[in-house]
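Subject: Structure handover

Hello,

Here is the structure I promised to pass on. Please open it alongside this email.

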Amino acid sequence: MAKRLAVVDVERCVDCLLCAQACARRFGEGGLARSAIAVRSAGGVERGFVVVVCRACDDPPCLHACPVGAIEKGPVGVRVVLDRCIGCKACVAACTIGAVRWDEGGGKPVICVHCGLCARFCPYGVLALEEVEGG
């Protein structure tokens, strides 16, 4: 059964960014530029953090926004066909939660592939892979 990444307990997030670092390492690079996951303040220390990652929409707006078919529906979420991408950022603008990140160096979108690597590196149990019905 297919699995998708889920934010299961955002209250535990301390903004250590180990999830984002692990994601970026998929590409064999340091830093956060190619991470498909983002953590930001919810508006002050007392409010905690927001973890932004692809929610694997049933009807993804990023897919429909792409004028060249560079985003395809995957078993869970979407996949970017980098060779087709023209770098128009329509997918970034279309994502209502801001989960389509942009690789400035490569000029292409970075979207979570729900591999779960970030969840494995989160020491606080903020993230987990969950099974998807019909996936």
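Below is what turned up, taken topic by topic.

One caution before the details: this is a predicted model.

Helix H1

Start with helix H1, residues 18–25. Its buried residues are Cys-19, Ala-20, Ala-22, Cys-23 and Ala-24. What do they pack against? The partners are E2, H4 and strand E8 (127–131).

Ser-35

Next, go to the loop between H1 and strand E2 (38–41), where you will find Ser-35. Is Ser-35 buried or exposed? Its relative accessibility is 1%, so Ser-35 counts as buried, the cut-off being under 20%. The Ser-35 side chain reaches back to H1. It comes to 3.3 Å from the backbone oxygen of Ala-20. Setting aside neighbours within four places in sequence, Ser-35 touches Ala-20, Cys-23 and Ala-24. Arg-101 and Val-110 are also in contact with Ser-35. Ala-20, Cys-23 and Ala-24 are themselves among the buried residues of H1.

The largest pocket

Val-110 turns up again here. The largest pocket holds about 190 Å³ of space. Its lining is made of 13 residues. Which of them lie nearest the centre? They are Phe-27, Val-80, Leu-82, Pro-109 and Val-110. Two elements each give two or more residues to this lining: strand E5 (78–80) and strand E7 (108–110). E7 supplies the largest share, with 3 residues. By class, the lining has 7 nonpolar, 5 charged and 1 polar. So Val-110 does two things in this model: it lies among the lining residues nearest the pocket centre, and it contacts Ser-35.

Two backbone angles to check

Most residues other than glycine have a negative phi. Two residues here go the other way.

Asp-15 is one of them. Its phi is positive, about 65°, although Asp-15 is not a glycine. Look for Asp-15 in the loop between strand E1 (3–7) and H1. Asp-15 is partly exposed, at 31% relative accessible area.

His-114 also has a positive phi, near 60°, and is not a glycine. This residue sits in the loop between E7 and helix H4 (117–121). Where Asp-15 is partly exposed, His-114 is buried, with a relative accessible area of 7%.

For a quick tour on screen, begin at Ser-35 in its loop. Step from there to Val-110, one of its contacts. Then look into the largest pocket, with Val-110 among the residues nearest its centre. Finish at His-114, in the loop after E7 and before H4.

Best wishes

Note on methods
Residues numbered from 1 in each chain as written. Predicted model: local features only at pLDDT ≥ 70, side-chain atom pairs only at ≥ 80, totals over all residues. Heavy atoms only, no water. Helix = DSSP H or I, 4+ residues; strand = E, 2+ residues; numbered from the N terminus. Buried < 20%, exposed > 50% of the residue type's maximum accessible area, 1.4 Å probe, protein only. Polar contact = N/O pair within 3.5 Å; in protein donor to acceptor, adjacent residues only side chain to side chain. Contact = heavy atoms within 4.5 Å. 1 Å grid on protein atoms, 1.4 Å probe; cavity = no way out; pocket = protein on both sides within 12 Å on 5 of 7 lines; lining within 4 Å. Points joined across faces, edges and corners; volume = space filled by probe spheres on them. Nonpolar A, V, L, I, M, F, W, Y, C, P; charged D, E, K, R; others polar.
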